[in-house]
Amino acid sequence: MRSLGDADILAVWEIAHRYHPVDQALALLMTAEPGHTRDELAALPLGQRDARLLALRQVLFGDTVNSCGICPRCHETMEFEIDCGALRTPEAGAHERTLHAEGHQLRVRPLSSFDLAAAAGSTDVAAARRILLQRCVVEATCDNETVTVDALPETLHAAIAQAALAADPQAELLFDLICPACEHGWQATLDIAHILWREVAARAQRLMMEVHLLARAYSWRESDILAMSSARRNAYLQQVAS
């Protein structure tokens, strides 16, 4: 895992800013891990993908993420900090799980970015869930006969989803929140792919503004401006502002 320089950030933003969020996450990892192909990274279980995104986030922006949430009970808006280091754990192995329920035996695998991409074009949440369900079930049998996923009873769907999460325990990053107004406690999910892309996009926008100001003031090339340290660039920007 390597860090991304200013030129890297602008390049990956330029390429991926119109991509679907699944592909934006992969574009970031491909830039930070040039030794891996897109297909290799897309095939990673989501827990392993997100662990790498957390590591990249720490390298680029530090441990602390400032965020806000709304209490589901009293609707109070609260600000809080997330410690990425506390959420990171050694990459756990993601393995198929066997589920026995209602006379059925199923092999369930972890989801990957390929699966999220397949569900991305769904018309609604229910359709997306159905696609993910179909993809994570490797094999389903009943009375020793193979059955299709569509033939499984709906009462099994929740158990299959839980089995998929159990197969990849890092795929769902949860943290505890307590409302300061009503003291209600709940768990929220950390979407590190969304957070990291939003921060990279904000950095890219700021870099383009800095390049614009310095190029207009000194007629410097973009590559020369981006090659400067941030301290040196900021010093010139202060001169331009004064």
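This passage describes a small set of strands, a helix that crosses two of them, and the aromatic pairs of a predicted model.

Let us begin with the sheet. Four strands make up an open sheet in the order β3-β4-β5-β6, and their pairing is antiparallel. The edges are taken by β3 (97-101) and β6 (145-146); each has a single partner strand, so one side of each is left without a neighbour in the sheet. At the β6 edge, β5 (residues 137-142) pairs with β6 in the antiparallel sense over 2 bridges. One bridge can be followed by residue, as C142 has E145 in β6 for its partner. A helix joins the picture here: α7 (residues 125-136) lies across β4 (104-108) and β5, and runs at about 80 degrees to β5.

The aromatic side chains come next. A pair of aromatic rings is described by the distance of the centres and the angle of the planes. The model holds 4 aromatic pairs. One of them, formed by F80 and F175, is tilted, with 5.6 Å centre to centre and 45 degrees between the planes. This pair links distant parts of the chain, since F80 belongs to strand β2 (residues 77-83) and F175 to strand β7 (residues 174-178), 95 residues apart. F80 counts as buried because its relative accessibility is 14%, and F175 is likewise buried at 14%.

Y218 and W220 provide a stacked pair, 4.3 Å centre to centre with 15 degrees between the planes. Both residues are partly exposed: the relative accessible area is 32% for Y218 and 27% for W220. Together with Y236, Y218 and W220 form one aromatic cluster.

Technical notes. Residues are numbered from 1 along each chain as its sequence is written. This is a predicted model: local features need pLDDT of at least 70, side-chain atom pairs count only at pLDDT 80 or more; totals for chains, interfaces and linings use all residues. Side-chain values use heavy atoms; hydrogens and water are left out. Two strands pair if DSSP finds at least two bridges between them. Contact means heavy atoms within 4.5 Å. Axes are lines fitted to C-alpha atoms, for helices over the stretch in contact, and angles run from 0 to 180 degrees between N-to-C directions. Rings of Phe, Tyr and Trp (its six-membered ring) pair if their centres lie within 6.5 Å; planes under 30 degrees apart count as stacked, over 60 as edge-to-face and the rest as tilted. Buried means under 20% relative accessible area, exposed over 50%, partly exposed in between (1.4 Å probe, protein chains only).
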